[in-house]
Amino acid sequence: MKIIHVPDYETLSRKTAQLIAAQVLCKPDSLLGLATGSSPVGAYRYLAQWHISGDLDFSRACSVNLDEYCGLGADHVQSYHFFMRQNLFDAVNFRASWLPDGCAESLPDECRRYEAIIAERGPIDLQLLGIGHNGHIGFNEPAEQFVPQTHLAQLSQGTIQANARFFDSVDQVPKQAITMGIASILQAKKILLLAGVGKGEILRQALTGPVTPWIPASVLQLHPDVTVITTSSVC
């Protein structure tokens, strides 16, 4: 595992974008696993700029996203479909991109459909992750056991509270999401984990403590190629 300490968010964003760009330049038909949230926004801004300037071409690359809220349509401003269009997809030229459908008529069927997409198109060449204050990756919340494949997740109260800042009230935050499972994530060839301000303690537990489903990110210790970019001290 490689840990890169950076001084600020702008440096984290630029370094993240450089690693993603290097992946696409070295393998133009890469399958990228993408994430939402505040951590990757700056990196997506750099990638969009480099594409617009003609320095980076995504026309042979595809993407799959980690997760999506249940009950929010693709045009809802807090849906992850909307987030990805606003922050990346409208500015670049991916050959194809997939996200779970949080409004599918049958959510269990949608989980199976999405897992099949990952299996058919994969393996993911580079998976981008953030880490929650409780150690979640994607919406894999602390639990008694790891859930391996794409599944319907019940969001913890802590996650709901943390995401309430994006909604008018905490009552509007969805209580469920479709998320890639732990095995889905670990099958990626490379993993890039971003951890900003305030994530030092949970990052330390995830990277140096026991591997446990109560800290889902701890499972990354088992992956052979993980790069962590962080503004927080792990020690």
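**Helices, a cis proline and two cysteines**

P123 lies in the loop that connects α4 to β6 (126–129). In this predicted model, the peptide bond between G122 and P123 is cis, with omega at about 5 degrees. The helix before this loop, α4, offers a convenient point of entry.

Helix α4 comprises the 15 residues 107–121, which at 1.5 Å a residue should span 21 Å; the C-alpha atoms at its ends are 21 Å apart, so the expected and modelled lengths agree. Its buried residues are L107, E110, C111, Y114, E115, I117 and I118. These residues cover an arc of only 150 degrees around the axis and therefore sit on the same side of α4. The spacing has a simple basis: an α-helix has 3.6 residues a turn, so residues three or four places apart point the same way. On the other side of α4, R112, A119 and E120 are exposed. The partners of the buried residues of α4 are the strands β3 (62–65), β5 (96–98), β7 (151–154) and β8 (176–179), together with helix α6 (182–186).

The loop between β5 and α4 contains E105. This residue is exposed, with a relative accessible area of 86%. Between the C-alpha atoms of E105 and L126, which are 21 residues apart along the chain, the separation is 31 Å.

One buried residue of α4, C111, leads to the matter of disulfides. The structure holds 0 of them. C70 is in no disulfide, and the nearest cysteine sulfur to its own is that of C111, 7.3 Å away. Why does C111 form no bond with C70? A disulfide requires the two sulfur atoms to be within 2.5 Å, and at 7.3 Å the sulfur of C70, the closest to that of C111, is too far for a bond. Both cysteines can also be placed by accessibility: C70 is buried, with a relative accessible area of 11%, and C111 is buried, with a value of 6%.

A second region of interest is the pairing of α2 with α3. Two packed helices are described by the angle between their axes and the distance between the axes. For helix α2 (residues 41–52) and helix α3 (residues 80–89), the angle is about 45 degrees and the axes are 9 Å apart. This angle makes α2 oblique to α3. The contact involves V41, Y44 and L47 from α2, and F83, M84, N87 and L88 from α3.

Each of these helices has further neighbours. Helix α2 has 12 residues and reaches 17 Å from its first C-alpha to its last, close to the 16 Å expected at 1.5 Å a residue. Its buried residues are G42, A43, Y44, Y46, L47, A48 and H51. The elements against which they pack are α1 (9–26), β2, α3 and β6. After α2 comes G54, whose phi is positive, near 90 degrees.

In α3, the buried residues are Y80, H81, F83, M84, L88 and F89. Viewed down the axis of α3, they fall within an arc of 155 degrees, so they line one face of the helix. Their cover includes the strands β2 (31–34), β3, β4 (67–69) and β5, as well as the helices α2 and α5 (157–163). Strands β3 and β5 thus recur in this account, as they also pack against the buried residues of α4.

Key
Residues numbered from 1 in each chain as written. Predicted model: local features only at pLDDT ≥ 70, side-chain atom pairs only at ≥ 80, totals over all residues. Heavy atoms only, no water. Buried < 20%, exposed > 50% of the residue type's maximum accessible area, 1.4 Å probe, protein only. Helix = DSSP H or I, 4+ residues; strand = E, 2+ residues; numbered from the N terminus. Expected span 1.5 Å × (residues − 1). Arc of directions from axis to C-beta. Contact = heavy atoms within 4.5 Å. Axes fitted to C-alpha atoms, helices over the stretch in contact; angles between N-to-C directions. Parallel < 35°, antiparallel > 145°, perpendicular 65-115°, else oblique.
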